[in-house]
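Biologist: I would like to learn how to read a structure such as this one, feature by feature. Could we look at it together?

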Amino acid sequence: MPVFRPEEFVSSEVEKELLAKLKSEGKRGRIIAGGTGFYELARRGYIPEVKTIVSIMGLNLSYVRNTREHVAIGATTTLQSLLESQAVMEPGLEAIDDALKEIRPVQVRNVATVGGEICISVPIVDLPTALLACDASLRIVSEKDERTLRLDEFYIDAFLTKLRYGEFVKEIILPKPQNIEGKSSKRASAFLKFGRTAYDFNLINCAVMLSCELSTKKIQKIKISLGGIKRTPMRATEVEEKLENRRPEENRILESVQASFSKTNLLPSVHGSNEYKHELLPIIVRDCVMKAYDRSLQNN
Ligand SMILES: Cc1cc2nc3c(=O)[nH]c(=O)nc-3n(C[C@H](O)[C@H](O)[C@H](O)COP(=O)(O)OP(=O)(O)OC[C@H]3O[C@@H](n4cnc5c(N)ncnc54)[C@H](O)[C@@H]3O)c2cc1C
């Protein structure tokens, strides 16, 4: 196995210094935040090329700003701080609250950061699935400039994102649900995870964001995102189309999910075969849609 032998650890309170260092190091440099996943990547021999570890923990990026238009989350905000903030209690952002509670043990939530949870890019994590359903975008900085990328454009493959050498994620932006809906409908979201035990990583997770028309109780718009069934989080757009403009019917949800995913192309793991995941997926999606739908009626 390739051995991880870092030569330098760089930390600073000055963003420009860290960005310059990252640029000059190219693929030899790598960000560290909470370090919970970094350690695993190093131990398993996945990042032998890394010689310079660049910590962004001194940059004062631990905040949750709740404005009228959006919620802005600093990249080094810990999962526990986000969970304790009022922002994820808002109608429409409940999926994020649900997902954070499923990340256990609490010792991990106290150390792991929102940016690290997104950038590690592995199919077994939970928060990115919820952020995807909630339309999250990322503010990405480099020495030269800054760009914003939607989360649904960020992932290429497991361990691979659209981040370039010299860049890091500085902030995560969530649009406020009440600003993108009319008064005649209500939004709500939900997240569900299925793992072998309550403390395990997921086999499958699902997040749903929907708006419900109040007079007819029909689903107007729905977004369904899934984790653990492909190498990156993904939207179930085929299923979404079949559920819009009608009240949710449990059998219709089960059948649409079964028809949209073939038994052979789900991501198998030692803990769950293709066939097992294919049986499980419709149930998780149905329960998650119904959870979000019931919430939207309660939010009324
Ligand atoms: C025992 C254990 C159980 C866990 N269980 C779960 C679980 O059930 N569900 C779940 O979702 N998660 C779980 N996690 C957490 C998850 O696996 C990751 O370890 C964690 O989210 C990484 O966050 P971090 O801040 O520690 O990132 P780090 O370990 O510091 O970094 C991880 C990766 O992201 C990159 N990175 C970090 N921040 C940035 C940034 N701002 N910009 C660019 N790149 C960046 C790093 O270069 C590195 O490649 C668990 C972790 C442990 C140790």
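Modeller: We will go through a sheet, a helix, a single serine and the surroundings of the ligand, keeping in mind that this is a predicted model.

Biologist: Let me begin with the sheet: in what order do its three strands lie, and with what kind of pairing?

Modeller: When you read a sheet, follow the strands from one side to the other rather than along the chain. Here the sheet is open, its order is β1-β3-β2, and the pairing is parallel. The edge strands are β1, residues 8-11, and β2, residues 29-32, each of which pairs on one side only. On average, and with direction ignored, neighbouring strands of this sheet are turned by 25 degrees against each other.

Biologist: How many bridges join β1 and β3?

Modeller: There are four bridges between β1 and strand β3, which spans residues 52-55, and the two strands run in the parallel sense. If you wish to find one such pairing in the picture, look for Val10, whose bridge partner in β3 is Val54.

Biologist: Which helix lies across these strands?

Modeller: That is helix α1, made of residues 15-25, which lies across β1, β2 and β3 and runs at about 155 degrees to β3.

Biologist: Now a single residue: is Ser260 buried or exposed?

Modeller: For such a question we compare the relative accessibility with a cut-off, and buried means under 20%. Ser260 has a relative accessibility of 18%, and therefore counts as buried. Ser260 is found in helix α9, residues 250-260, and its side chain reaches the backbone oxygen of Ser256 at 2.7 Å. Leaving aside residues up to four places away in sequence, Ser260 touches Glu238, Val239 and Lys242.

Biologist: Finally, how many residues surround the ligand, and which are the closest?

Modeller: The ligand is surrounded by 30 residues, of which the closest are Ile31, Thr36, Phe38, Thr113 and Glu117. To read such a shell, ask next which atoms come together. In Thr36, an N or O atom of the side chain is 2.6 Å from an oxygen atom of the ligand, while in Phe38 a polar backbone atom is 2.6 Å from a ligand oxygen. For Glu117, a polar side-chain atom lies 2.4 Å from an oxygen atom of the ligand. On its own the ligand has 980 Å² of accessible area, and the protein covers 89% of this.

Biologist: And which elements each supply at least two residues of that shell?

Modeller: Among them are β2, α2 (36-43), α6 (114-119) and β10 (168-175), and β2 is also an edge strand of the sheet with which we began.

Methods: Residues are numbered from 1 along each chain as its sequence is written. This is a predicted model: local features need pLDDT of at least 70, side-chain atom pairs count only at pLDDT 80 or more; totals for chains, interfaces and linings use all residues. Side-chain values use heavy atoms; hydrogens and water are left out. Two strands pair if DSSP finds at least two bridges between them. Axes are lines fitted to C-alpha atoms, for helices over the stretch in contact, and angles run from 0 to 180 degrees between N-to-C directions. Contact means heavy atoms within 4.5 Å. Buried means under 20% relative accessible area, exposed over 50%, partly exposed in between (1.4 Å probe, protein chains only). A polar contact is a pair of N or O atoms within 3.5 Å; within protein, one must be able to donate a hydrogen and the other to accept it, and residues adjacent in sequence count only if both atoms are side-chain atoms. A residue is near a molecule or strand if one of its heavy atoms lies within 4 Å of it. Accessible areas come from the Shrake-Rupley method with a 1.4 Å probe; for residues, only the protein chains shown count as cover.
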